[in-house]
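Me: I'm new to this one and would like a close look at a single part: the long helix that the others pack against. Could you walk me through what it touches and how?

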Amino acid sequence: MPNKLFIVSVFSLLFCCFLSAQEKNNKKKELPEAISVDSVIEIKNPYNPLSPAKAAFYSAVLPGLGQAYNKRYWKIPIVYGGLATGIYFYSTNNKEYNRYRDAYKSRLAGFKTDEFYFDSQGNQLSTPRVTTDGLQRGQKFYRKNKEISLLVTLGIYALNIIDANVDAHLMQYNVDENLSLAPHFKINEIDATSNLGLTLNFKF
């Protein structure tokens, strides 16, 4: 009988040790899973260094497409409005420049049939409405305005690319809500003086 009791005790002890070892083994197996879950959570929303480059490339291919990629749809009409304005002024100045240039070439060839020799009703004038020197000055004026309009249009196109790139950077900028800096204004009720300053709050 004591031998049987001893065997049962040893068997119970071994069974308890087996259960304890099995529990420890299960905990060791669960630990990598928890680490892998944490790692997945950390990698889920990382900083994407290619996002600004993609936004800039899209805006370079088609103005406003980078803004759409950044989900800043309200900027697209501004981009196209600026480009359309620049193109309009370039086209207008180019048209006027060609008018003055064609009339100037006609004068140099000895003709008196350019548009400035006629009034608004189509009657030919004895003296032109714009002199030859005036035609030269007009060419310089409209050529300068045409070049400025072209530079402005190219500048708006470049700003469209830069805006998409910078906006994509700022969208991924991590703003910690636990850190805040705010101005404060307080009036002293005793002597009616005012206090102005900045408050820095850090929550942890």
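Reply: Let's start with the overall layout. This is a predicted model, and the protein in it has five helices and two strands. Reading from the N terminus, the order is α-α-α-α-α-β-β, and buried residues account for 20% of the 204 residues. If you take contacts between residues at least 6 apart in sequence, 49% of them join residues at least 24 apart.

Now for the part you asked about, helix H5, which covers residues 132–171. Let's take its partners in turn.

One partner is H4, residues 76–108. The axes of H4 and H5 come within 8 Å and cross at roughly 160°. That angle is over 145°, the cut-off for calling a pair roughly antiparallel, so H4 and H5 count as roughly antiparallel to each other. Their crossing is left-handed. As for what sits in the contact between H4 and H5, there are 14 nonpolar, 13 polar and five charged residues.

Another partner is H2, which spans residues 50–61. Here the axes of H2 and H5 lie 8 Å apart, and the packing angle is about 155°. H2 and H5 are therefore roughly antiparallel too, but this crossing is right-handed. On the H2 side, the residues that meet H5 are Ser51, Pro52, Ala53, Ala55, Ala56, Ser59 and Ala60. On the H5 side you'll find Tyr157, Asn160, Ile161, Ala164, Asn165, Ala168 and His169. Sorted by class, the contact of H2 with H5 has nine nonpolar residues, five polar ones and no charged ones.

H5 also has a share in the largest nonpolar core. This core has eight residues: Tyr97, Tyr100, Ala103, Tyr104, Phe116, Val130, Leu135 and Tyr142. H4 and H5 each supply at least two of them, and the largest share, four residues, comes from H4. There's a general pattern behind this kind of grouping: in soluble globular proteins, nonpolar side chains tend to be buried together.

To zoom in one step further, pick out Tyr104, one of the core residues. Which residues does Tyr104 contact, leaving aside its neighbours within four places in sequence? They are Thr132, Leu135, Gln136 and Gln139. Leu135 is itself in the core, so try finding Tyr104 and Leu135 together in the view, as the two are in contact.

Key: Residues are numbered from 1 along each chain as its sequence is written. This is a predicted model: local features need pLDDT of at least 70, side-chain atom pairs count only at pLDDT 80 or more; totals for chains, interfaces and linings use all residues. Side-chain values use heavy atoms; hydrogens and water are left out. A nonpolar core is a set of buried Ala, Val, Leu, Ile, Met, Phe, Trp, Tyr and Cys residues joined through side-chain atoms within 4.5 Å. Buried means under 20% relative accessible area, exposed over 50%, partly exposed in between (1.4 Å probe, protein chains only). Contact means heavy atoms within 4.5 Å. Axes are lines fitted to C-alpha atoms, for helices over the stretch in contact, and angles run from 0 to 180 degrees between N-to-C directions. Angles under 35 degrees count as roughly parallel, over 145 as roughly antiparallel, 65 to 115 as roughly perpendicular and the rest as oblique. A crossing is left-handed if the near helix is turned anticlockwise from the far one by less than a right angle, and right-handed if clockwise. Ala, Val, Leu, Ile, Met, Phe, Trp, Tyr, Cys and Pro count as nonpolar, Asp, Glu, Lys and Arg as charged, and the others, Gly among them, as polar.
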